[in-house]
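Please open the model in a viewer and keep the sequence panel at hand. The tour proceeds by selection, one stop at a time.

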Amino acid sequence: MAIPRSEYLSAVWRDGIFDNKVVFCTGGAGTICSAQVRALVHLGANACIIGRNVEKTETMAKSIATARPGAKVIGIGAVDVRKIESLEAAVERCVKELGGIDYVIAGAAGNFISPISGLSANAFKTVLDIDTIGSFNTLKATLPQLIISAAKNPNTGTNPSTGGRIIFVSATFHFTGMPLQAHVAVAKAGVDALSATTAIEYGPRGITSNVITPGPIMGTEGMARLGSREAEKTGTAFKKVPLQRYGTVKEIADGTVYLFSDAGNFVNGEVLVIDGGDWRTPGSP
Ligand code: HXC
C-alpha cells in the first residue's frame, strides 16, 4: 500500500529535482533509511537498496517504488556490509541496471543494549565491524561511481543538477558518552571521522560527504530497543527532548533531500543532527 507523501516528505520540495539520478543505500529496508530513499524516489530518483534479509529488502523495494509511477527500485538482499566483495557485486548490479550511482546513504547499523561489563570482545567488535568498517566498505565500493557522478554534475554553486554525494547515518552517543552504548558510541565516532576525512580528501573532486544523526525517531528499531527503558516507564521519555516530542522519519528524509539537493551544494564535512535538541540535554535515553 502506498504511504501518503505527507508522511515522509515536506511540501517545500519540488517533484523532479532528482530526475535521472540513482541512490544506493545500505540498510535500506530499515525504517529510517527507507524513508530517506522513498523521499528521493518521490522526487525523481531511482534506487538500489541493500540489506541482509532478502525478503525484507525486496518487499521494501516494491513499497518504495510506489512513491512515483515509473520508479525503478531494486532490492538486493543477502549483502553484508562487513564483506566488501558482496557490496562490490551489489554496486555492479546497480550500475548495470540503473546506469550509475549519484548518491549514497551508508545506513546499515547494528545495535543492542549492553553495559561494558556485558560486552565480549567479539560483541564490541561486531558493532564496529557493521557500523564503522561497513561504512568504509560502502564508501570504497561506491567511490568510483561517486567520482563519475561528481564530474558529470559540477558543484559550481549554481548548477541545480547534483551528484557525487554521500551521507553517513550516525548517532549522538559519542558527543557526550552514553551508558549501555559504548560499542555504538565508539563505532559512530569512527563514522563521523570517516565522513570528515572523505569531505576533505574528495571535496576537490566535487564530492560532498556529510553525516545525518537521527535522535529519538518514532517507529524505529533503535527506539524499540532503547526507548522502552527506564525513561519510558517513568513517563519522562520525551521530557528530555527540548521540543517535547520524538522525531519522525519524514524529518530525517527532509535533511537527506536538503543535503543531496542543490540547497546543500556548499555543505561538506558536516554533521546534521536531527534530534529536537535531545543530545544537549543531560541524562540517559
Ligand atoms: C551483549 C550481545 C548482544 C547483547 C549480541 N551480542 N547481542 N552481547 N548484549 N544484547 C554479542 C554476541 O553474544 C556475540 O558475541 C556478538 O555480539 C556477535 O553476535 P552475533 O549474533 O553473532 O552477530 P550478528 O549475527 O552479526 O548480529 C549483529 C547484531 C544484531 C548487531 C548483534 O543485533 C544485528 O544484526 N543487528 C542488525 C539490526 C540492528 O541492530 N538494527 C538496529 C539499528 S538501530 P560472542 O562473544 O558471544 O561471540 C541503530 C540506531 C541506534 O543503530 C540509535 C537509537 C536512538
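The stops below cover confidence, the ligand, a helix pair and three individual residues.

**Confidence.** This is a predicted model, and colouring by pLDDT is a suitable start. The protein chain has a mean pLDDT of 94, with 95% of its residues at 70 or more. For the complex, the predictor reports a pTM of 0.95 and an ipTM of 0.95.

**The ligand.** Select the ligand next, together with the 18 residues around it. Which of these residues come nearest? They are G110, F112, S120, A123 and G222. By character, the shell contains nine nonpolar residues, eight polar residues and one charged residue. Now display the helices α4 (121–152) and α7 (221–226), each of which contributes at least two residues to the shell. The largest share belongs to α4, which provides five residues.

**Helices α3 and α4.** Keep α4 on display and add helix α3, residues 84–98. Two packed helices are described by the distance between their axes and the angle that these axes make. Here the axes of α3 and α4 lie 9 Å apart, and the packing angle is about 30°. Because angles under 35 degrees count as roughly parallel, α3 is roughly parallel to α4. The crossing of α3 and α4 is right-handed.

**A65.** Move to helix α2, residues 54–65, and select A65 within it. Is A65 buried or exposed? A65 has 20 C-beta neighbours inside 10 Å and therefore counts as buried. Add V41 to the selection: V41 and A65 are 24 residues apart along the chain, and their C-alpha atoms are separated by 7.3 Å.

**N20.** Select N20, in the segment that precedes β1 (22–26). The backbone deserves inspection here: N20 is a residue other than glycine, and its phi has a positive value near 65°. N20 counts as partly exposed because it has 13 C-beta neighbours inside 10 Å.

**Q244.** The last stop is Q244, in the loop that connects α8 (230–233) with α9 (249–260). What is the phi of Q244? It is near 60°, again a positive value in a residue other than glycine. Q244 has 9 C-beta neighbours inside 10 Å, so Q244 counts as exposed. To close, display N20 and Q244 together: N20 counts as partly exposed, whereas Q244 counts as exposed.

How values were computed: Residues are numbered from 1 along each chain as its sequence is written. This is a predicted model: local features need pLDDT of at least 70, side-chain atom pairs count only at pLDDT 80 or more; totals for chains, interfaces and linings use all residues. Helices (H or I, at least four residues) and strands (E, at least two) are DSSP runs, numbered from the N terminus. A residue is buried if 20 or more other C-beta atoms lie within 10 Å of its own, exposed if 12 or fewer, and partly exposed in between; C-beta atoms are placed from the backbone. A residue is near a molecule or strand if its C-beta atom, placed from the backbone, lies within 6 Å of it. Ala, Val, Leu, Ile, Met, Phe, Trp, Tyr, Cys and Pro count as nonpolar, Asp, Glu, Lys and Arg as charged, and the others, Gly among them, as polar. pLDDT is the predictor's confidence in each residue, from 0 to 100. Axes are lines fitted to C-alpha atoms, for helices over the stretch in contact, and angles run from 0 to 180 degrees between N-to-C directions. Angles under 35 degrees count as roughly parallel, over 145 as roughly antiparallel, 65 to 115 as roughly perpendicular and the rest as oblique. A crossing is left-handed if the near helix is turned anticlockwise from the far one by less than a right angle, and right-handed if clockwise.
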